[in-house]
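Hi,

Here is the structure I said I would pass on. Have a look at it first, and then read on for my notes.

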Amino acid sequence: MDEKQEMYRAREILEETAAVECLRLAVGRIVDGSLHPDFHQLNDGQMALGEQPNPVDQDGPKADHVQRNVTFPSGKLFFSATIFNPPFGNVEESRWNGLADPGETRLETLFLRRFLSEEKNKGQCCCLVPNGFLSRIHPLDEQLRRQLVECHGLQAVILLPLHAFQPRVHVYTALLIFRQGGGPSKRVWLCDARDGRLEDIDLDVYFTARFSSSLEGKCMRTGQVTHLFLTPQMLSSNHYLLVPEGHRSQVWGVSQTKVQAIEDKMDTLHQAIRKLEQSGSDQQMNLFGAKQQAPWTKRQLRQMISLKKQQILYCRQMVEQLFLDHFGEGIQKGEYPLFYGEDLLVFHSGNKPAKDWTDGPYPLYDGSGIRRMLDRCTQGISLPTVIITRVGTYCGAVYRSKQPCWIGGNAFFLKQVQKPAHPSYLVGLFSYMDFNQYKAGSCIPQINQSVLQSKQYPLPSLTLQEEYAGKVDPWLDQLEELEIEVYSLQKEYRLLAD
């Protein structure tokens, strides 16, 4: 797109990627708080700037991905709006290795840095990046995020659902909306739609965030989308992280999930589960005329798995909310002594199970939680065991197991604590600290022990920890049971699908 607003035409084969393209065009053409009047979005996934195009010739060539026809004026190029897709991956494995600065390892960092250095790229910009760029604690990534905030007027970060680019890319992505050379940001809207749908993203919230200072430091939720409104000062105090999890401590007093609200949601889910169980309790006659339980259908299993996963989500929110209620203010005010992980915690990596091991009663915890039930368990670990996943999109997730289990190769477990610390307090603390923000890598995100050992951990008195444990343990027990139930239901569903 250029200053003369020449035609931009596109066609997407997949509905989801067409929706992303429309969204990117929309935010790329926002001028003075409103969509450009000549911007059009068509229902069939086509988009245009200027006059609406005629339908794409059905007899013409069909693009595998996107078909674009863009005309630029002659002479010096100057773009009033830019939609930018840098490649993802490692610099060393690409043909652009010679362009990287010392220590620059990621392609998206390399291309975004070079893009920002181009004088012609003035105006509104919409850039697609992997989520790893938003939270990597790497000096070059942090410097680039700081540059976006302080020099290029970063306005919004929209975290997209995982399915936005499937089946082509199985990685979380985000849109960065900024104005190159636009000076410092006033406030940044973090829109977390990872658990929602693309159609749930409301650009009216974006307009409000740009022109309303009353939202600064606030957190709100619309449907399955979470909105966080941060000032440059808030971002600068926390490595310029551009993910909502990185700023929980700054908005802990404006929690989106209070204890009573979570309990009400859990009650609603319990009622829905009982209703589904009753609908699946119909009996049928066997060959001998005796009544027996009718098997669950695939649809009923999918519904039950969905409900149980929602319960898991609310249990985790309750663990964090109770932690904030007990320790949030004290941590903010620095009331508790701090210890570095290397002086406090001893982590050990798990081991990959052998392929010939048979099923049994012991859960196998790996990068995605419970992956299997085995006939043996890891020896020499204390119960309850605190487990942290180390590889995968959800690396850094925290689990607690009161029963013997096997720790897989894609997870850590807490072997020893050098100071008096209750395991339930550590589960709440690790969840609050959100280790996922320290992951490295976009294609295969992971965290390592050295990162965990380098962090500082607040440690209140054992009395306060035990008081918290008394309230959170029932929720942790329920969470552990739900994880095993979901695994069993998913196994049953796979057998039925085969």
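Below is what I found, starting with the whole chain and moving on to the details.

Before anything else, please keep in mind that this is a predicted model. The protein chain has twelve helices and 24 strands. Its length is 498 residues, and 50% of them count as buried. If you take the contacts in the chain with a separation of 6 or more, 72% come from residues 24 or more positions apart. The chain exposes about 24,100 Å², and carbon and sulfur atoms supply 49% of that.

**Strands**

Let me start with an open sheet of three strands, in the order β19-β18-β22 and with mixed pairing. β19 and β22 (406-407) are at the edges with a single partner strand each, so each has one side without a neighbour in the sheet. β18 (residues 359-366) runs parallel to β22, and two bridges join them. One bridge to look up is Y365, whose partner in β22 is I407. You will also see helix α12 (residues 462-497) lying across β18 and β19, at about 70° to β19.

Then there is the pair β20 and β21. Strand β20 (residues 385-389) pairs with β21 in the antiparallel sense, over four bridges. Within this pair, T385 stands opposite S401 of β21. In a regular strand, side chains alternate between the two faces of the sheet. So what becomes of the two sides of β21 (residues 398-401)? Both are covered: V398 and R400 on one side are buried, and so are Y399 and S401 on the other.

**Two helices that meet**

Helix α2 (residues 107-117) and helix α4 are worth a look together. Their axes come within 11 Å and cross at roughly 35°, and the crossing is left-handed. On the α2 side the contact is made by T109, L112, R113 and L116, and on the α4 side by D141, L144, Q147 and L148.

**Salt bridges**

How many salt bridges does the structure hold? There are 15. The background is that side chains of opposite charge can pair when their charged atoms come close. Here are some that I looked at:

- R113, which we just met in the α2 contact, forms a salt bridge with E104, and their closest N and O atoms are 2.9 Å apart. E104 is buried, with a relative accessible area of 7%, whereas R113 counts as partly exposed at 23%.
- E150 and R146 meet in a salt bridge at 3.0 Å, N to O. Both belong to helix α4 (residues 139-151) and are four residues apart, about one turn of the helix. E150 is partly exposed, with a relative accessible area of 33%, and R146 is partly exposed too, at 43%.
- D192 and R194 form a salt bridge at 2.7 Å, N to O. Both D192 and R194 are buried.

Salt bridges that share partners also join R400, K402, D473, D477 and E480 into one network. You may remember R400 as one of the buried residues of β21.

**Backbone details to check**

Most residues other than glycine have a negative phi, and most peptide bonds are trans. With that in mind, these spots caught my eye.

The peptide bond from L383 to P384 is cis, with omega near -5°. P384 sits in the loop between β19 (369-374) and β20.

Y240 is not a glycine, yet it has a positive phi of about 55°. You will find Y240 in the loop between α6 (232-236) and α7 (259-279). Is Y240 buried or exposed? With a relative accessible area of 6%, Y240 counts as buried, because the cut-off is under 20%.

D434 also has a positive phi, near 55°, in a residue other than glycine. The loop that holds D434 runs between α10 (423-433) and α11 (449-454). D434 is buried, with a relative accessible area of 10%.

If you want somewhere to begin on screen, try the left-handed crossing of α2 and α4, and then go to the cis bond from L383 to P384.

Cheers

Notes:
Residues numbered from 1 in each chain as written. Predicted model: local features only at pLDDT ≥ 70, side-chain atom pairs only at ≥ 80, totals over all residues. Heavy atoms only, no water. Buried < 20%, exposed > 50% of the residue type's maximum accessible area, 1.4 Å probe, protein only. Pairing = 2+ DSSP bridges. Salt bridge = Lys/Arg side-chain N within 4 Å of Asp/Glu carboxyl O. Contact = heavy atoms within 4.5 Å. Areas by Shrake-Rupley, 256 points an atom, 1.4 Å probe, with all protein chains shown as cover. Axes fitted to C-alpha atoms, helices over the stretch in contact; angles between N-to-C directions. Left-handed = near helix turned anticlockwise from the far one by under 90°.
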